[in-house]
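Visitor: Hey, can you walk me through this fold? I'd like to start with the strands and then move on to the helices.

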Amino acid sequence: MRVTEYIANRKKTIFSFEIIPPLKGKGIEDLCSGIDPLMEFNPPFINVTYHREEYDYKKMGNGLLKKVSVRKRPGTVGICAALMNRYKVDAIPHIICGGFTKEETESALIDLKFLGVDNILALRGDPMKNESAFVPTEGGNAYALNLIEQINEMNNGQYLYEETKNSPSNFCIGTAGYPEKHFEAMNLSTDMKHLKKKVDAGAEFIVTQLFYDNEKFFDFVKKCREIGIKVPIIPGIKPITNLRHLSFIPKFFHVNFPESFSNELEKCKTDEEIKRVGIEWTTAQCKELVKADIPVIHFYTMGRGTAVKNIAKEIF
Ligand code: FAD
């Protein structure tokens with residue numbers, strides 16, 4: 001079923017979450033151990049992230065190093081099939097522009113259509129680890145906007161290089177939004193203009209970058225509505241669970257902690273204390289979002305389901 005249908009039919013705020021594929025070589029058990037504890041909250045859909053290849057140096061037999069391209073977390077499409085089969089939920093694959101030509105993207109979309117996947121989160125992807133800025137793949141999509149346009153063409157039965165229209169797909173397309181702006185954008189308003197173009201091109205729902213200040217989210221929703229973005233906006237939420245997160249999260253996700261939160265975090269000396277404060281903060285955030293009748297809360301679990309479970313127990 002399409003995300004928009006779940007939202008239209010909902011009686012209360014929906015619980016959903018996102019998983020990252022396990023490291024290469026791990027099995028289905030690694031995947032399920034993070035998912036099983038969360039299934040009691042009846043998520044109708046689960047997102048599966050996509051991870052681009054990285055360049056690594058591997059030792060050769062002669063003692064020299066060789067630069068190789070490694071995909072550390074493969075399996076997004078297969079994992080979607082496994083989730084649909086095992087848990088009878090909808091799986092939402094993240095499809096990115098980086099690393100794919102348009103032909104490769106089309107092939108992946110055709111596979112997903114045959115698998116019965118109804119929703120796709122269409123993203124550009126971040127710059128690769130060795131790149132200072134995102135470099136589009138030759139023959140690929142440069143922005144999420146172009147990827148959305150490609151998916152929309154397929155939804156209209158128009159495949160690449162075909163002169164006649166064919167069996168249309170019916171993907172419900174989601175896109176990313178940034179309440180604190182995307183890190184490359186000049187300012188929030190230019191970023192939101194780009195977001196509007198993605199919606200006008202066919203995106204039917206928005207999932208936000210994680211945030212810790214609900215006011216920023218509510219303000220973002222208000223501004224979206226003011227510029228004519230009418231689609232559902234799903235907040236992305238991630239509890240802080242260890243000391244490392246205090247520097248990693250602002251650096252990697254380009255978000256701020258509100259002062260009252262950072263003041264509490266600064267008093268913590270151990271991971272346990274951080275986890276307690278992090279869960280308390282996120283639980284309060286979620287309670288406020290539910291009170292505001294937000295359609296879905298999307299948790300970034302990043303393989304760690306227990307903190308999310310503690311929060312979901314209080315909310316759902
Ligand atoms: P875009 O919408 O293309 O925007 C990128 C930047 O370009 C923005 O600054 C925007 O303002 C600007 N821009 C857009 N259009 C134009 C234009 N026409 N001209 C000039 N500037 C323009 N990454 C992964 O690799 N795998 C994942 O699974 C993944 N999942 C994610 C899930 C969510 C909910 C979110 C919020 C992010 C996720 N990301 C993922 C990270 C995402 O790929 C990065 O944030 C990336 O840097 C931007 O992606 P985007 O789709 O927002 O890009």
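Guide: Sure. One term before we start: two strands count as paired if DSSP finds at least two bridges between them. Also keep in mind that this is a predicted model.

Visitor: Okay, so what runs β1-β2-β5-β6-β7-β8-β9-β10?

Guide: That's a closed barrel of eight strands, with parallel pairing. From one strand to the next, the twist averages 30 degrees.

Visitor: Which helix packs on the sheet, touching β5, β6, β7 and β8?

Guide: That's α5, residues 144-155. The direction of α5 makes about 150 degrees with that of β6 (119-123).

Visitor: Back to the strands: how many bridges join β8 to β9?

Guide: Three, and the two strands run parallel. β8 covers residues 203-210 and β9 covers residues 233-237.

Visitor: And what's the bridge partner of Leu210 in β9?

Guide: Gly236.

Visitor: New topic: at what angle do the axes of α10 and α11 cross?

Guide: Roughly 40 degrees, and the axes come within 9 Å. α10 is residues 271-291 and α11 is residues 305-315. That angle makes α10 oblique to α11.

Visitor: Is the crossing of α10 and α11 left-handed or right-handed?

Guide: Right-handed.

Visitor: Which residues make the contact?

Guide: On the α10 side, they include Ile279, Cys286 and Val290. From α11, Ala307, Asn310 and Ile311 are among them.

Visitor: How do the residues of that contact divide into nonpolar, polar and charged?

Guide: Six are nonpolar, four polar and three charged. Among the contact residues are Lys275 and Lys287 of α10, plus Glu314 of α11.

Key
Residues numbered from 1 in each chain as written. Predicted model: local features only at pLDDT ≥ 70, side-chain atom pairs only at ≥ 80, totals over all residues. Heavy atoms only, no water. Helix = DSSP H or I, 4+ residues; strand = E, 2+ residues; numbered from the N terminus. Axes fitted to C-alpha atoms, helices over the stretch in contact; angles between N-to-C directions. Contact = heavy atoms within 4.5 Å. Parallel < 35°, antiparallel > 145°, perpendicular 65-115°, else oblique. Left-handed = near helix turned anticlockwise from the far one by under 90°. Nonpolar A, V, L, I, M, F, W, Y, C, P; charged D, E, K, R; others polar.
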